[in-house]
Amino acid sequence: MTNNAKLGVAVVGCGQIGARRAETAARHPGSELRLAVDTNAEAAGELAARYGARVSSDWRAALKDDSIGIVMAATPNALLRDIAASALESGKHVLIEKPMGRNAADAAAIAAAAQRSGKTLKVGFNHRYHPALMKAHELFAAGAIGTLINIRARYGHGSRPGYEREWRANAELAGGGELTDQGVHLIDLIHWFAGLPKDVFAYAQTAVWPIAPLEDNAFALLRYDGGVVASFHTSWTQWKNLFSFEIFGTGGSISAEGLGGSYGPEHLTLSKRNPRGGAPAVETFAFEDTDRSWELEWQDFMRAIVDQNPYWGTPADGVAAMNVLSALYASIESGKPVTL
Ligand SMILES: NC(=O)c1ccc[n+]([C@@H]2O[C@H](COP(=O)([O-])OP(=O)(O)OC[C@H]3O[C@@H](n4cnc5c(N)ncnc54)[C@H](O)[C@@H]3O)[C@@H](O)[C@H]2O)c1
């Protein structure tokens with residue numbers, strides 16, 4: 001592939017995740033970072049210098065630029081709707097970070113823009129690309145644990161001093177607290193294994209961080225036709241970072257733990273129910289400690305654009321997650337289960 005044949009990428013929002021996405025796009029043989037956009041000139045300048053890209057403080061610059069084929073948005077959540085919808089309508093492919101905007105209305109507007117444009121829109125549910133979770137899904141789909149009974153997931157970190165002054169603690173910019181931030185990943189993963197729930201219920205707490213009306217903890221229950229139940233807890237008071245996703249079936253269970261780095265080594269345990277009772281047959285799988293999810297996700301996105309391959313994080317996946325998220329907040333507000 002010649003340089004001209006590469007897809008030019010504009011990264012909008014050059015913070016923590018924008019920098020990761022830029023690195024991944026720059027490494028892929030089919031894409032090249034051409035524009036780094038941030039209202040913080042230093043952040044954009046640093047990223048642009050690293051990859052020989054141009055700089056802008058205005059994301060609209062990407063829309064008018066014919067050398068840009070992909071807009072990658074990694075700004076605070078409130079900006080994702082405008083950036084994604086405008087970029088799609090300007091004929092760009094778009095990868096936006098999770099969550100798909102601040103709420104279900106943002107997600108619906110972005111999905112509608114994707115539909116009108118015919119361009120590829122991907123929502124950054126990178127957790128589906130963690131090797132332990134991919135292996136879990138493969139085993140589950142092959143029937144390794146029989147029929148699904150329930151799912152139990154936990155995800156959290158301990159936040160940091162001054163969190164209340166960051167955009168994630170601002171309801172206008174973030175849309176929600178920890179239920180939105182890390183919870184949306186768990187909602188998407190639960191959908192991946194179990195599909196869409198029939199009704200949901202949740203409690204939230206603002207226990208430690210002075211971020212009310214936003215929550216620093218949420219406990220959610222999702223119930224399915226046929227009786228399957230999924231539960232999760234997301235927390236910004238998880239003093240030692242934790243990721244755990246457990247799936248229980250009639251014939252065994254699968255447990256995916258860790259995400260690498262501060263979340264601990266990624267590993268998976270498959271336990272096969274012992275028909276005679278007693279200890280199950282256990283098989284464990286270990287994965288390298290580097291987080292490859294970003295690279296695998298970008299490869300999937302590029303295949304979707306170039307070869308029209310099916311991919312994860314479709315507009316429908318994003319909308320489904322945001323609809324369930326909105327229903328969970330409605331349940332927190334009313335104190336009652338909410339039917340979808
Ligand atoms: N997939 C994941 O696991 C994951 C993890 C963390 C964050 N995220 C998501 O990524 C997005 C960004 O999060 P982050 O942690 O990188 O935040 P961050 O604060 O590190 O970076 C956000 C950047 O956006 C810039 N910005 C603000 N307004 C802008 C504007 N109008 N135009 C251009 N740039 C602007 C800021 O200056 C900052 O550099 C969020 O949507 C977040 O939910 C996803």
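Start with the ligand: select it and show the surface around it, and you're looking at the largest pocket, since that is the space the ligand takes up. Keep in mind that this is a predicted model.

Next, select the residues that surround the ligand. You should get 25 of them, and the closest are Ile17, Asp38, Asn77, Lys98 and Asn126. Try coloring this shell by residue type: ten residues come up nonpolar, eleven polar and four charged.

Now zoom in on the polar contacts. Go to Ile17 and show its backbone; a polar atom there sits 2.9 Å from an oxygen atom of the ligand. Hop over to Thr75, where a backbone N or O atom is 3.2 Å from a ligand oxygen. For a side-chain example, pick Glu97: one of its polar side-chain atoms lies 3.1 Å from a nitrogen atom of the ligand. Taken alone, the ligand has 850 Å² of accessible area, and the protein covers 83% of that.

Time to zoom out and color by domain. Domain 1 is 3-127 + 294-314, and domain 2 is 128-290 + 322-339. Measure between their C-alpha centres in your viewer and the distance to look for is 26 Å. Then select the contact between the two: domain 1 puts in 20 residues and domain 2 puts in 23.

Last stop: bring the ligand shell back with the domain colors still on. Which domains supply the shell around the ligand? Domain 1 and domain 2 each give at least three residues to that shell.

Definitions and conventions. Residues numbered from 1 in each chain as written. Predicted model: local features only at pLDDT ≥ 70, side-chain atom pairs only at ≥ 80, totals over all residues. Heavy atoms only, no water. Near = heavy atom within 4 Å. Polar contact = N/O pair within 3.5 Å; in protein donor to acceptor, adjacent residues only side chain to side chain. Areas by Shrake-Rupley, 256 points an atom, 1.4 Å probe, with all protein chains shown as cover. 1 Å grid on protein atoms, 1.4 Å probe; cavity = no way out; pocket = protein on both sides within 12 Å on 5 of 7 lines; lining within 4 Å. Sits in = over half its atoms within 2 Å of the grid points. Nonpolar A, V, L, I, M, F, W, Y, C, P; charged D, E, K, R; others polar. Domains from an automatic or database assignment. Contact = heavy atoms within 4.5 Å.
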